[in-house]
Amino acid sequence: MPIRSCACGGRSCETSCPKEESFLESIDAIILADEPTEVHTDGRTIVANSQGVLLDEHWDAALGEGDSAHYGEAPELGAFLRQECRQFDVVLVIAGQDGAAIRELSVTPDRERTEKESVHVTGDNDEDINKPRRGAYSHNQIRRRVDEIIKDNARSVADFVDGLITDHASDALVLAGEVQGRTAVKAELSARAEEMLHEISEGGDGDEGAEEAIDVAIRTLVTRLAEEREAENSERLGESKAHGRAVEGRAEVEKAVERGAAAVLLLDDAEASAGEAEIVSAAILSSAEVGLSHDPMSDGIAAILRYDVGAALAD
């Protein structure tokens, strides 16, 4: 149930609230606080039963319909899932000659991004490429040594990035920073990292203007990626319908989902359909994926099937 200030009571509830004390106590334990917290200005999606809290995740209620609470057999996850489908895990690399600042971000087109603490990655060398050198080194020797240090730093950055995108299944890699640093890091990236790479000209680390420019560029990128993801879902639905492996409309989708025939459940990207909660719950229990589509669908819901319609809907 998407919720901001309380678990039940008042006009925030859309239906009557449960009377079981154990149910209420489970919610009270994680909602009620002496001082206002993020939950009072933003929101969380909470699913609970008499056994306790089953799900407690952030949800940006401030951007939606405001406070709401639901009580029923199936959890109301529509708003939360729509946000999750538009969320992208991004690895941001702000490159320089001395390595790179690397951040892990979670970004959606229409909400504040969240991020883990920045990590600065550099090579094993302990030389400062900006420190004046004395002695008999020629200019060319100094230049070659600087290039070696930059390349060593870039190689370490690329190795670190490969570990992140492998371990965390990131959606996108964004490379920013000054030109020489970006070029050096890009040359060391693995084939997999290159496939998800998006290079932006904005740069700098710690400069407020550059930070704002990077944030705008990333949000623009994520907006485009979200649109492309929905367009791919719509295209996949159309192709599946042409081959008799997709259904639209509540009645047929519900039947296919209940029989475990749905491989992907597609929801309207804006509006919840009637009976959506029950269909979503059944789809998740049958290991179906959940995605969004911007194109019109009968009753605002559709399913791509694991096998042909005749077998999926046969009585």
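In this predicted model, Gly-244 touches Asp-308 and Val-309, when residues up to four places away in sequence are not counted. The position of Gly-244 along the chain is a loop, which runs between helix H7 (208-242) and strand S10 (246-248). Another glycine, Gly-310, is 66 residues apart from Gly-244 in sequence, yet the two are 8.1 Å apart in space, taken from C-alpha to C-alpha.

The surroundings of Gly-244 can also be described by its accessibility. Gly-244 has a relative accessible area of 28%. Because residues under 20% are called buried and those over 50% exposed, Gly-244 is classed as partly exposed.

Two other loop residues may now be considered, beginning with Ala-169. This residue lies in the loop that connects helix H4 (139-168) with strand S8 (172-177). The phi angle of Ala-169 is near 50 degrees, which is a positive value in a residue other than glycine. Is Ala-169 buried or exposed? Its relative accessible area is 52%, so Ala-169 is exposed, the cut-off for that class being over 50%.

The second residue is Ser-287, located in the loop between helix H9 (276-285) and strand S12 (289-293). Ser-287 is not a glycine, but its phi is positive, at about 70 degrees. With a relative accessible area of 60%, Ser-287 is exposed.

The reader may locate these places in the structure by their flanking elements: helix H7 and strand S10 for Gly-244, helix H4 and strand S8 for Ala-169, and helix H9 and strand S12 for Ser-287.

Technical notes:
Residues numbered from 1 in each chain as written. Predicted model: local features only at pLDDT ≥ 70, side-chain atom pairs only at ≥ 80, totals over all residues. Heavy atoms only, no water. Helix = DSSP H or I, 4+ residues; strand = E, 2+ residues; numbered from the N terminus. Buried < 20%, exposed > 50% of the residue type's maximum accessible area, 1.4 Å probe, protein only. Contact = heavy atoms within 4.5 Å.
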